[in-house]
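Welcome! Here are some short exercises to help you find your way around a new structure. Try each one yourself before you read the solution.

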Amino acid sequence: MSFLLWSGQAIGHRRAGVGFVVGVACAAAAVTLFPEHPLDRPNALAAAALLAAAGLAALVWAAAMAHVGVQISMYNVRIRHGLLPMPPITVPLRMVTSMRAVDVESNLAQRWGWTWVPGRGRAVIVRSGPALLFDFAGRQFTVSVDDPDEAEAALNRMRSPAR
């Protein structure tokens with residue numbers, strides 16, 4: 001017997017690609033700025049080190065923004081974010097008071113990634129489009145996923161009384 005009711009994910013190709021390009025560009029700029037004799041030009045060395053650190057940060061950011069996964073089992077909701085080894089968010093299913101499919105619009109002017117919006121709660125948004133809006137005992141949590149209607153239907157099937 002499988003305890004998994006639904007599993008879904010969302011992949012943020014655009015943001016991950018932008019982060020990768022920025023990271024590689026910063027690394028390339030750091031290599032070209034690196035002086036032949038570092039002790040003679042400490043300012044150039046500092047600029048190269050700063051660019052290398054920015055490139056590394058952009059690559060880590062790209063890995064974090066690339067993917068989000070959601071699993072709904074008979075016992076809990078598990079939200080796993082990014083390609084980095086970060087601990088997932090696990091919430092007991094009894095704490096989920098409601099769940100519905102929504103459409104999120106995420107662009108540079110709005111918030112995305114791991115975020116908190118006053119009055120709206122926390123969110124993991126990796127791309128525009130369909131998402132799940134959970135209500136965890138009064139706290140809202142929005143997460144990008146493909147086909148959230150299927151997740152909503154699976155949860156409703158599980159919670160409906162047996163005939």
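**Exercise 1. In which helix is the place of V21?** Then work out whether V21 is buried or exposed.

Solution. Keep in mind that this is a predicted model.
- Step 1: Find V21 along the chain; it sits in helix α1.
- Step 2: Look at its relative accessibility, which is 54%. Exposed means over 50%, so V21 counts as exposed.
- Step 3: Look at what surrounds it on the surface. Together with F20, V24 and L59, V21 makes a nonpolar surface patch of about 350 Å².
- Step 4: Ask which element gives the most to this patch. Helix α1, residues 13-33, does so with three residues.

**Exercise 2. Describe how strand β2 is paired and how covered it is.**

Solution.
- Step 1: Locate strand β2 at residues 67-73; six of its seven residues are buried, so the strand is mostly covered.
- Step 2: Check one partner strand. β1, residues 4-11, runs antiparallel to β2 and is joined to it by seven bridges. One example is L4, whose bridge partner in β2 is S73.
- Step 3: Check another partner strand. β3, residues 76-81, is also antiparallel to β2, with five bridges between them. Here V70 stands opposite I79 of β3.
- Step 4: Look at the connection. Two residues lie between β2 and β3, and the two strands form a hairpin.

**Exercise 3. Which residues have the most contacts inside the largest nonpolar core?**

Solution.
- Step 1: Recall a general tendency: in soluble globular proteins, nonpolar side chains tend to be buried together.
- Step 2: Find the largest nonpolar core, which has 23 residues; V70, I72, F134 and V143 have the most contacts inside it.
- Step 3: See where the core comes from. Among the elements that each supply at least two residues are β1, β2, β3, β5 (96-104) and α3 (148-159).
- Step 4: Zoom in on I72. Leaving aside residues up to four places away in sequence, I72 touches L4, L5, W6, V77, L93, M99, F134, A151 and L155.
- Step 5: Notice a second, separate core of six residues, including V102, A123, A131 and L133.

**Exercise 4. Is T142 buried or exposed, and what does T142 touch?**

Solution.
- Step 1: Place T142 in strand β9.
- Step 2: Its relative accessibility is 11%. Because buried means under 20%, T142 counts as buried.
- Step 3: List its contacts beyond four places in sequence: they include V102, A123, A131 and L133.

**Exercise 5. How many salt bridges does a search of the whole structure find?** Work out which parts are tied together.

Solution.
- Step 1: The search finds one salt bridge.
- Step 2: R127 and D146 form it, with their closest N and O atoms 2.5 Å apart.
- Step 3: R127 is in the loop between β7 and β8, while D146 is in the loop between β9 and α3, so the pair ties together parts that are 19 residues apart in sequence.
- Step 4: Compare accessibility. R127 is buried at 14%, whereas D146 is partly exposed at 43%.

**Exercise 6. Which loop holds A137, and what is the sign of its phi?** Then treat D147 likewise.

Solution.
- Step 1: A137 lies in the loop between β8 and β9. Its phi is positive, about 50 degrees, although A137 is not a glycine.
- Step 2: D147 lies in the loop between β9 and α3. Its phi is positive too, at about 55 degrees, and D147 is not a glycine.
- Step 3: A137 counts as partly exposed at 47% relative accessibility, and D147 is partly exposed at 39%.

Terms used. Residues numbered from 1 in each chain as written. Predicted model: local features only at pLDDT ≥ 70, side-chain atom pairs only at ≥ 80, totals over all residues. Heavy atoms only, no water. Patch = residues over 30% accessible without salt bridge, like charges linked within 9 Å, V, L, I, M, F, W, Y side chains within 5 Å. Areas by Shrake-Rupley, 256 points an atom, 1.4 Å probe, with all protein chains shown as cover. Salt bridge = Lys/Arg side-chain N within 4 Å of Asp/Glu carboxyl O. Helix = DSSP H or I, 4+ residues; strand = E, 2+ residues; numbered from the N terminus. Buried < 20%, exposed > 50% of the residue type's maximum accessible area, 1.4 Å probe, protein only. Pairing = 2+ DSSP bridges. Core = buried A, V, L, I, M, F, W, Y, C linked by side-chain atoms within 4.5 Å. Contact = heavy atoms within 4.5 Å.
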